[in-house]
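Okay, thanks for making time, everyone. I've got one structure to walk you through today, so let me put it up and we'll go helix by helix.

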Amino acid sequence: MTPDDAHDFRAIFKSLCLAVGAEPDDAKERLFFAQMKDIPLEIVRPAAGVLAKTHHRMPTVAHWRDACDIAQSARKALPPAEVIEQRMVCDQCEDTGWIAPAHGLACPGDGRCGIEACARQKSPHTFTAACSCRSTNPIYQYHHPIKRQYGSQEPGIGRGKQ
Ligand SMILES: [Zn+2]
Ligand SMILES: [Zn+2]
């Protein structure tokens, strides 16, 4: 929180006091603010909401900070709001990171797919390729936080006997 958040924090603090049946106290409010300065207001606020529902008396700074930790990890588990709104970012791969065969990745069997086995089999097939959106697609990145090294399970590749 920044000094600008003191006003909002006061409102949060007061409603938490009311919710748990404690007397709002200026000194306590300043103390809590100072002890939680390192936590952003958008985390402090939902944490206070949780404490208001679960506590019968004023939580300690440590309790509130614990609730902030939980609120923070819950936030991290969700994609940013704009990602949820957008739903599908890339229609080439439908955000899977692999171009769907429906988008015309067909190989007549001449090796244009780049698959080693194709040169031996020489039969038409469809194949997938890594979509170019990966580095910029927030939905793909959300579902694939660690870059995949091997793409051997992609559908549509008839590998046959090796
Ligand atoms: Zn894509
Ligand atoms: Zn091929």
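Let's start on α3. This helix has 14 residues, and from its first C-alpha to its last it reaches 20 Å, close to the 20 Å you'd expect at 1.5 Å a residue. Keep in mind while you look that this is a predicted model.

Which residues of α3 are buried? They're Val 44, Ala 47 and Ala 48. Looking down the axis of α3, those buried residues fall within an arc of 110°, so they line one face of the helix. The textbook reminder here is that an α-helix has 3.6 residues a turn, so residues three or four places apart point the same way.

Now over to α1. It has 15 residues and reaches 21 Å between its first and last C-alpha, close to the 21 Å expected at 1.5 Å a residue. Its buried residues are Phe 9, Ile 12, Phe 13 and Leu 16. These cover an arc of only 100° around the axis, which puts them on the same side of α1. Flip to the other side of α1 and you find His 7, Ala 11 and Leu 18, which are exposed. And what covers the buried residues? That includes α2 (26–35) and α3. Right after α1 comes Gly 21, with a positive phi near 75°.

Let me stay on α1 for two more residues. Ala 11, in this helix, has 11 C-beta neighbours inside 10 Å, and it counts as exposed because the cut-off for that is 12 or fewer. Its C-alpha is separated by 9.8 Å from that of Arg 45, which is 34 residues away along the chain. Then there's Ser 15, also found in α1. Is Ser 15 exposed or partly exposed? With 14 C-beta neighbours inside 10 Å, Ser 15 counts as partly exposed. Its partner for a distance check is Gly 49: 34 residues apart in sequence, 9.0 Å apart in space, C-alpha to C-alpha.

Okay, the core. The largest nonpolar core has 12 residues. From α1 you'll recognise Phe 9, Ile 12, Phe 13 and Leu 16 among them, and from α3 there are Val 44, Ala 47 and Ala 48. The core also includes Phe 32, Trp 64, Ala 67, Cys 68 and Ala 71. As for who contributes, the elements giving two or more residues to this core are α1 (6–20), α3 (41–54) and α4 (61–77).

Have a look at Trp 64 in there. Leaving out residues up to four places away in sequence, Trp 64 touches Phe 32, Met 36, Ala 47, Leu 51 and Pro 59.

On to a residue in α4, namely Ser 73. Ser 73 has 9 C-beta neighbours inside 10 Å, so it counts as exposed. Ser 73 and Ile 43 are 30 residues apart in sequence and 9.9 Å apart in space, again C-alpha to C-alpha.

Next, two backbone oddities for the torsion people. Most residues other than glycine have a negative phi. Asp 95, though, has a positive phi, near 70°. Where does Asp 95 sit? In the loop between α5 (81–86) and β1 (106–107). Asp 95 is buried, with 24 other C-beta atoms within 10 Å. The second one is Lys 122, a residue other than glycine whose phi is positive too, near 50°. You'll find Lys 122 in the loop between α6 (116–121) and β2 (125–126). With 10 C-beta neighbours inside 10 Å, Lys 122 counts as exposed.

Zooming out, then. The protein has 7 helices and 2 strands, and from the N terminus the elements run α-α-α-α-α-β-α-β-α. Of the 162 residues, 18% are buried. If you take contacts between residues at least 6 apart in sequence, 64% of them join residues at least 24 apart.

Last thing, confidence. The mean pLDDT of the protein is 83, and 83% of its residues reach 70 or more. Which stretch stays under 50? That's residues 156–162, and for these the model has 13 contacts beyond four places in sequence.

That's my tour, and I'm happy to take questions.

Methods. Residues numbered from 1 in each chain as written. Chains lettered and ligands numbered in written order. Predicted model: local features only at pLDDT ≥ 70, side-chain atom pairs only at ≥ 80, totals over all residues. Core = buried A, V, L, I, M, F, W, Y, C linked by C-beta atoms within 7 Å. Buried ≥ 20, exposed ≤ 12 C-beta atoms within 10 Å, placed from the backbone. Helix = DSSP H or I, 4+ residues; strand = E, 2+ residues; numbered from the N terminus. Contact = placed C-beta atoms within 7 Å. Expected span 1.5 Å × (residues − 1). Arc of directions from axis to C-beta. pLDDT = per-residue confidence, 0-100.
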